[in-house]
Amino acid sequence: MGNVVRIRSDAPKNRQSCMNTNCQPLLSIRGAGRNYNDGAGNTKIALSRVGLDVLPGELVAIIGPSGSGKSTLLQLAGGIDSPTTGSVDVAGRRISDMTEKERTLFRREHIGFVFQAIHLVPSMTVVENIGLSSIVSNHRTVDWKAEALVLLQHLGLHEYADKFPDQLSGGQRQRVGVGRAIFGNPSVILADEPTGSLDSGNRDIVLKLIRHAIDDGQRTGGLMVTHDLQAASYADRVIAISDGIIIDQFVNTAAQPFNGQRGGHDHDERIRSWFTAISL
Ligand SMILES: Nc1ncnc2c1ncn2[C@@H]1O[C@H](COP(=O)(O)OP(=O)(O)OP(=O)(O)O)[C@@H](O)[C@H]1O
């Protein structure tokens, strides 16, 4: 914790350049709610009337206490689950109206997931794990391996291409997890505690990779759930949720660029107090 988040009221660079060119959000959530039945006949409201947009080139962090609805929001954004009310659009397509099969096919092409529990396929090599979406989809191309190998080079893991996940360290496995999410240039990267199990050095590597994938070409947006202030410092905006609703929002003009230069040492007491509250 410390002086790593710098908040300003003016819009950050990525959002400004996007607004100048009138670009459309890559992720648009409108009035989204999700209720669960708790099994005893009671309705549990996990999320209520949530609205947010993620623009091309923008990384948005979601913070909030345990049980506040962060994972539910990410699942709706990724079409893993459907909202009880409201809508979710990704790359201009209404995924909340799709059938499960349509969503599965759409996800492979447009959405990259990074999980804390990385979920690599143990029986597949590193390069096969990177190109997984291409391997399992009908759009498999002869070039998938060449593309995956280039990505592995960027991840600094080229020499591990033919190894299996259990031959890698935790940090290396998460880099492969990020590579798998980036592979195929998805419209949206969704990350659920991507740095949760990593030491500080590997956290920085993984966050820079995510940031770079979003900055590169400005054709991708990202939504990241995190309890980690270091991770939030890489986001353009930080959204705080509690009891299933958005309660606060911060703009971060010092979002970490890919070259790793920190943007400054000012900070907003509001965001620090949120992290303090969450860590209690
Ligand atoms: N499948 C489910 N059935 C019933 N209730 C659920 C289900 N999934 C989530 N919930 C409830 O919805 C609320 C929000 O859960 P969610 O997992 O989104 O929170 P979270 O903010 O991600 O929590 P954490 O930080 O602990 O992972 C919680 O009260 C949870 O118990």
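In this predicted model, the buried residues of helix α7 pack against a varied set of neighbours: the strands β6 (111–115) and β7 (188–192), together with the helices α4 (126–130), α5 (132–136), α6 (144–154) and α8 (200–215). Helix α7 itself covers residues 170–182. Most of the helix is covered, with 10 of its 13 residues buried. These are Arg173, Gln174, Arg175, Val176, Gly177, Val178, Gly179, Arg180, Ala181 and Ile182. From its first C-alpha to its last, α7 reaches 18 Å, close to the 18 Å expected for its 13 residues at 1.5 Å a residue. Just beyond the end of α7 comes Gly184, which takes a positive phi of about 85°.

Attention now turns to the sheet and the helix that packs on it. Four strands form an open sheet in the order β2-β1-β4-β5, and their pairing is antiparallel. At the edges lie β2 and β5 (93–94), each of which pairs on one side only. Helix α2 packs on this sheet and touches β1, β2 and β4 (85–90), while its direction makes about 120° with that of β1. Strand β1 (residues 27–37) and strand β2 run antiparallel and are joined by eight bridges. Within this part of the sheet, Arg34 stands opposite Leu47 of β2.

Helix α2 spans residues 70–77, and because six of its eight residues are buried, it is largely enclosed by the rest of the structure. The buried positions are Lys70, Thr72, Leu73, Leu74, Leu76 and Ala77. After α2 comes Gly79, a residue with a positive phi near 70°.

The same helix is also a good starting point for looking at the ligand. Of the shell around the ligand, α2 provides the largest share, namely three residues. Strand β2 (43–54) joins α2 in supplying at least two residues each to this shell. Listed along the chain, the ligand is surrounded by Tyr36, Asp38, Lys44, Ala46, Gly64, Ser66, Gly67, Ser68, Gly69, Lys70, Ser71 and Thr72. By character, seven residues of the shell are polar, three are charged and two are nonpolar. Two members of the shell, Lys70 and Thr72, also appear among the buried residues of α2. Helix α2 thus has a place in both settings: it packs on the sheet and contributes to the surroundings of the ligand.

Notes: Residues are numbered from 1 along each chain as its sequence is written. This is a predicted model: local features need pLDDT of at least 70, side-chain atom pairs count only at pLDDT 80 or more; totals for chains, interfaces and linings use all residues. A residue is buried if 20 or more other C-beta atoms lie within 10 Å of its own, exposed if 12 or fewer, and partly exposed in between; C-beta atoms are placed from the backbone. A residue is near a molecule or strand if its C-beta atom, placed from the backbone, lies within 6 Å of it. Ala, Val, Leu, Ile, Met, Phe, Trp, Tyr, Cys and Pro count as nonpolar, Asp, Glu, Lys and Arg as charged, and the others, Gly among them, as polar. Two strands pair if DSSP finds at least two bridges between them. Two residues are in contact if their C-beta atoms, placed from the backbone, lie within 7 Å. Axes are lines fitted to C-alpha atoms, for helices over the stretch in contact, and angles run from 0 to 180 degrees between N-to-C directions. The expected span of a helix is 1.5 Å times one less than its number of residues.
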